[in-house]
Amino acid sequence: MEEEKSQSLEEDFEGQATHTGPKGVIHDWRKFKLESEDGDSIPQSKKEILRQMSSPQSKDDKDSKERISRKMSIQEYELIHQDKEDENCLRKYRRQCMQDMHQKLSFGPRYGIVYELETGEQFLEIIEKEQKITTIVVHIYEDGIRGCDALNSSLLCLAAEYPMVRFCRIKASNTGAGERFSADVLPTLLIYKGGELISNFISVAEQFAEEFFAGDVESFLNEYGLLPEKEIHVPEQADMEEEDTE
């Protein structure tokens with residue numbers, strides 16, 4: 001079993017490192033570990049191993065290169081799996097790579113919360129000045145109205161799951177048009193994009209069961225195509241490494 005593991009490691013790590021593909025990732029991780037940890041916190045022998053493994057070998061000495069590659073692959077395996085500190089560093093590097101990639105693939109502003117609007121002027125300013133690519137979901141509510149509290153809780157969850165959507169709420173009495181939002185039409189959802197009202201749902205709680213949750217509101221909005229594709233979150237402690245050596 002150990003011979004198969006060593007052979008697999010030799011095949012995975014053999015050759016000159018580049019910055020693309022699995023070998024490039026390994027090369028970048030070695031550099032990341034050296035740069036991210038304080039110099040005094042790494043034993044000199046371990047630091048030298050990392051430095052040697054992160055340096056490309058000379059093409060003029062194939063035999064020497066293969067011997068070093070074989071030796072370093074075994075040492076690297078022991079180094080990565082030696083203690084929790086190294087494992088945490090590898091996880092940190094992985095998360096950073098995923099977050100960088102995620103940021104490059106994401107467009108537009110980010111929100112992630114429900115904004116409380118205090119006045120009708122704030123309401124209009126949000127609608128008029130927000131970027132045209134941003135969907136704005138506004139909940140008009142009042143305390144003590146059936147469905148308003150549940151909808152507020154649901155939107156808090158959806159705001160975290162759809163950070164590219166701007167979720168807002170405002171009391172009907174603060175809109176300056178309270179007569180238009182009487183108790184029998186609350187809760188009301190208004191959806192804007194590019195300064196235009198694209199959907200409105202009065203007494204929206206009637207669309208759900210007596211008790212409803214974020215998933216129910218999400219499905220309802222998705223039926224009308226009002227939510228963008230949900231983003232894939234990167235778990236903070238997820239270990240996404242392929243277990244090739246097990």
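In the predicted model, helix α8 spans residues 214-223, and A214, V217, E218, F220 and L221 of this helix are buried. These residues lie on the same side of α8, because they cover an arc of only 165° around the axis. Among the elements that cover the buried residues of α8 are the helix α7 and the strands β4 and β5. Just after α8, the residue G225 takes a positive phi of about 65°.

The two strands that help to cover α8 are themselves paired: β4 (residues 188-193) and β5 (residues 196-201) run antiparallel and are joined by 5 bridges. Within this pair, I191 stands opposite S199 in β5. The hairpin formed by β4 and β5 has 2 residues between the strands, and in this hairpin G194 takes a positive phi near 60°.

Helix α7, which is also among the elements covering the buried residues of α8, comprises residues 148-161 and contains A150. The C-alpha atom of A150 is separated by 6.9 Å from that of F213, although the two residues are 63 residues apart along the chain. A150 is partly exposed, because its relative accessible area is 29%, a value that falls between the limit of under 20% for buried residues and the limit of over 50% for exposed ones.

A further set of strand pairings involves β3 (residues 166-171), to which the strand β1 (residues 114-116) is joined by 3 bridges, with the two strands running parallel. In this pairing, the bridge partner of E116 is R169 in β3. The strand β2 (residues 135-141) likewise runs parallel to β3, and 6 bridges join these two strands. Here Y141 stands opposite K171 in β3. Between β2 and β3 the chain passes through α7, and the resulting β-α-β crossover is right-handed. Helix α7 thus appears in two settings, as the helix of this crossover and as part of what covers the buried residues of α8.

As to the confidence of the prediction, the mean pLDDT of the protein chain is 75, and 54% of its residues reach 70 or more. Over residues 8-19 the pLDDT is below 50, and this stretch has 32 contacts in the model beyond near neighbours in sequence. The pLDDT is also below 50 over residues 236-246, a stretch for which the model contains 18 contacts beyond near neighbours in sequence.

Technical notes
Residues are numbered from 1 along each chain as its sequence is written. This is a predicted model: local features need pLDDT of at least 70, side-chain atom pairs count only at pLDDT 80 or more; totals for chains, interfaces and linings use all residues. Side-chain values use heavy atoms; hydrogens and water are left out. Helices (H or I, at least four residues) and strands (E, at least two) are DSSP runs, numbered from the N terminus. Buried means under 20% relative accessible area, exposed over 50%, partly exposed in between (1.4 Å probe, protein chains only). pLDDT is the predictor's confidence in each residue, from 0 to 100. Contact means heavy atoms within 4.5 Å. Two strands pair if DSSP finds at least two bridges between them. A crossover is right-handed if, with the strands pointing away from the viewer, the path from the first strand over the helix to the second runs clockwise. The arc is that of the directions from the helix axis to the C-beta atoms.
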